Amino acid sequence: MTNERTIWQKPWSYKEGFTIAAGILLIGLLLNEFTTLHFQLPQWPWNIILGLIYLSILLLAKFVFGRTYFVQWLSSLPAAISAILLFLLVVLTMGLIPQQEIHAATPYLFDLNTLKNSWLFFLCLIYLLTVLGLTIFRRIYPFTVRNIAFTLQHGGLWILAFTAGLASADVERYQIPVYENQTVEYGYSVQGHTIQFPFKIHLIDFSIDEFPAKLAVVDAKTNDIDQSDRNNLSLITEGLTVNIRHFTIKVLKYYPSALEQGDTTYVPSKDSLSGQAAFLEITDRRNGKVHTGWISSGSPLFAASYIQIDDYYIAMTIPQPKKFSSTVKILMPDRQAQVYRIAVNQPIRIAGWKLYQIGYDENMGKYSKLSVLEAVRDPWLPFVYVGIILLMLGTSYLFWKGNQINVKEEDHELA
Amino acid sequence: MSWHEYTYIAIFCIIAFVTGSALIFMPKKQKWGDILILLGIVAIAFFIVSFWVFLTRPPLRTLGETRLWYTFFISLAGFITYKRWKQRWIAAYSNAFAILFILLNLLNPESHDKTLMPALQSPFFPPHVIVYLLGYSISGASSLVAIRGLVLHLRKADEEKLKNLLPLADTLVYTGFSFLTFGLLLGALWAKEAWGHYWTWDPKETWALITWLAYLLYIHVRQHKTQNYKLAYQILAVSFILLLVAWFGVNYLPAAQSSVHVYSRQ
């Protein structure tokens, strides 16, 4: 390679790669700016038809035009580097400019705030997939261990990106708000669509398990929680003794679920409107005085209570949710009703849908009677998982053999 | 053990890492240097384990907690690389970074918090985060090699010395990149179970992908321009900045206002 080589003079290398990438960038930006529609792949079956057409073009390129210089160059390292760099630039922009969903997007220069649904992103992905695809064709044969690992890495990524791209048009997500003792069969998408499910959901119970509240000393003048000592925010348990500022606080009794009795004491209770309560013994180490009293987290039935000593309150923080879950009965025609529990990280599968626990009435906290579920359907999921598994296998080889990969060969240069 | 006892462990580690790193440069005292560095690593490992027991959950949630792991992994990765490649400076550099993370923890005390929000209660949680911490530590170490390379370049060190560093950088990148890939994919599988979809362009996901692409670019450039070590070092140095943003910076970016990954802000 000499320095006098002008652009488009063979052999092609970085100059041509970056020129092609810059061309795609420019076309993408112009399409973004001058088309009113966002780019959106059509839904089933049109996405699979387009996908198959693209795949045929790729095969045609390989097996009919495989000997043309351009197609050969597309499977070279400079082409790969230009495709990665271009994709990196677009994703970097997505990382720097806050992204919005298209149905709620505000106008933005070159649509840079809705990039995942833009022409630019689509073109970059096609360029990356094309370079990746042609490279796999070149290396899939002969079957040596190294080529298999190479194919697993690149093929896994190709399948993952290709099917995830097609899936983006077909993934359906619907929120289902449901109150206790209510039966629903409709879901609502954030885009404003409504769907009727082939099943009905009856919410038997929504419940939140809480962590114990934390013990806090609050400065009465500023209302700030004292943070001077790292150990000040301890989860309350019976027998706990902590030193915060000049107080030694001992938890004599702790009821995770209690009701107020009279104005001054608390008793354990299973009532659904109960709250947390603790009986404390506080020693003021400056003067040796001992105070005792109840503190509580409050509930819809009683206000939170605290102990005031001079300029300080000793109180409970608002308890954090540990687990929230819905007990539901699923009713389907011709089938016996079945009871399931849905919790965060524990979705259930019903008739091709996955049901997730996503929310509740946060103003009511653990007293919420409302549960928000989400139904998700993604027919492409198995293919995406195949891509993920292949990529994991290929990566295991890279991890195992990584330090022996020989970078001295320059066989990728096209003559 | 809790954050309360951390101060003592931290001071011990700092002394061990500083004197250990100095001693390994003295031929006759190298063995004592090795022992001191190892003691520091063991001390931090001991703290992590007992802190885990104390919290009754893995200490992987807050930035302060992840800094513990970073201290551990970067000093361990540095020590192994130093032994394997006979490069003393990498042990010194990694220990300096480990000390930086210890100091950050000492200067920014966090109140400990035993609670773990429901979304994090999953069998995917420990592997996802540990694999990522390893990925970050090892990729970070590769960037230390790059910085060393660029410093040597500025000092006009001889070409041979510069090129000899590259295989070390490559090894670290391949290993680190493998972990980053696993972390990303495990995260996708977990996201499907927890949030209903494997990829939602959440800012943390986007930045994880950016970092991944940057190291992917390095690997491909290395395959092609095998002799251009300066370019390789520059890409690694930039990758390191992206990695730092992905890890620490995302919480502060305007794009992160709605991230599901911001747990420490309460």
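**Exercise 1. Find the residue opposite A:Gln261 in strand S8 of chain A, then describe the hairpin around this pair.**

Step 1. A:Gln261 stands opposite A:Thr265 in S8(A). Helices (H or I, at least four residues) and strands (E, at least two) are DSSP runs, numbered from the N terminus.

Step 2. Strand S7 (residues 247–261) and strand S8 (residues 265–268) of chain A are antiparallel partners, joined over four bridges. Two strands pair if DSSP finds at least two bridges between them.

Step 3. Three residues lie between the strands of this hairpin, and A:Gly262 has a positive phi near 70° there.

A word on the model before we go on. This is a predicted model in which local features need pLDDT of at least 70 and side-chain atom pairs count only at pLDDT 80 or more, while totals for chains, interfaces and linings use all residues. Residues are numbered from 1 along each chain as its sequence is written, chains are lettered from A and ligands numbered from 1 in the order in which they are written, and side-chain values use heavy atoms, with hydrogens and water left out.

**Exercise 2. Work out how S9 and S10 of chain A pair, and which residue of their hairpin has a positive phi.**

Step 1. Strand S9 (residues 275–284) pairs with strand S10 (residues 289–296) in the antiparallel sense, over eight bridges.

Step 2. Look at A:Thr283: its bridge partner in S10(A) is A:Val290.

Step 3. The hairpin has four residues between the strands, and A:Gly288 takes the positive phi, near 75°.

**Exercise 3. Give the strand order of the open four-stranded sheet in chain A and name its edge strands.**

Step 1. The order is S5-S4-S12-S11, with antiparallel pairing.

Step 2. Strand S5 (234–235) and strand S11 (307–309) stand at the edges; each has a single partner strand, so one side of each is left without a neighbour in the sheet.

Step 3. Strand S4 (residues 214–219) pairs with S5(A) over two bridges, and A:Lys214 has A:Leu235 as its bridge partner in S5(A).

Step 4. In the loop between S4 and S5 you will find A:Asn223. Phi of A:Asn223 is near 65°, a positive value in a residue other than glycine. At 56% relative accessibility, A:Asn223 counts as exposed (buried means under 20% relative accessible area, exposed over 50%, partly exposed in between; 1.4 Å probe, protein chains only).

**Exercise 4. Locate the cis peptide bonds that lead into A:Pro11 and A:Pro45.**

Step 1. The bond from A:Lys10 to A:Pro11 is cis, with omega near -5°. A:Pro11 sits in the segment before helix H1 (14–34) of chain A.

Step 2. The bond from A:Trp44 to A:Pro45 is cis too, with omega near 0°. A:Pro45 lies in the loop between H1 and helix H2 (46–63) of chain A.

**Exercise 5. Describe the surroundings of A:Gly155.**

Step 1. Place A:Gly155 in helix H6 (residues 145–170) of chain A.

Step 2. With a relative accessible area of 11%, A:Gly155 is buried.

Step 3. Leaving aside neighbours within four places in sequence, A:Gly155 is in contact (heavy atoms within 4.5 Å) with A:Ile136 and A:Phe150.

Step 4. A:Leu132 is 23 residues away in sequence and 8.1 Å away in space, C-alpha to C-alpha.
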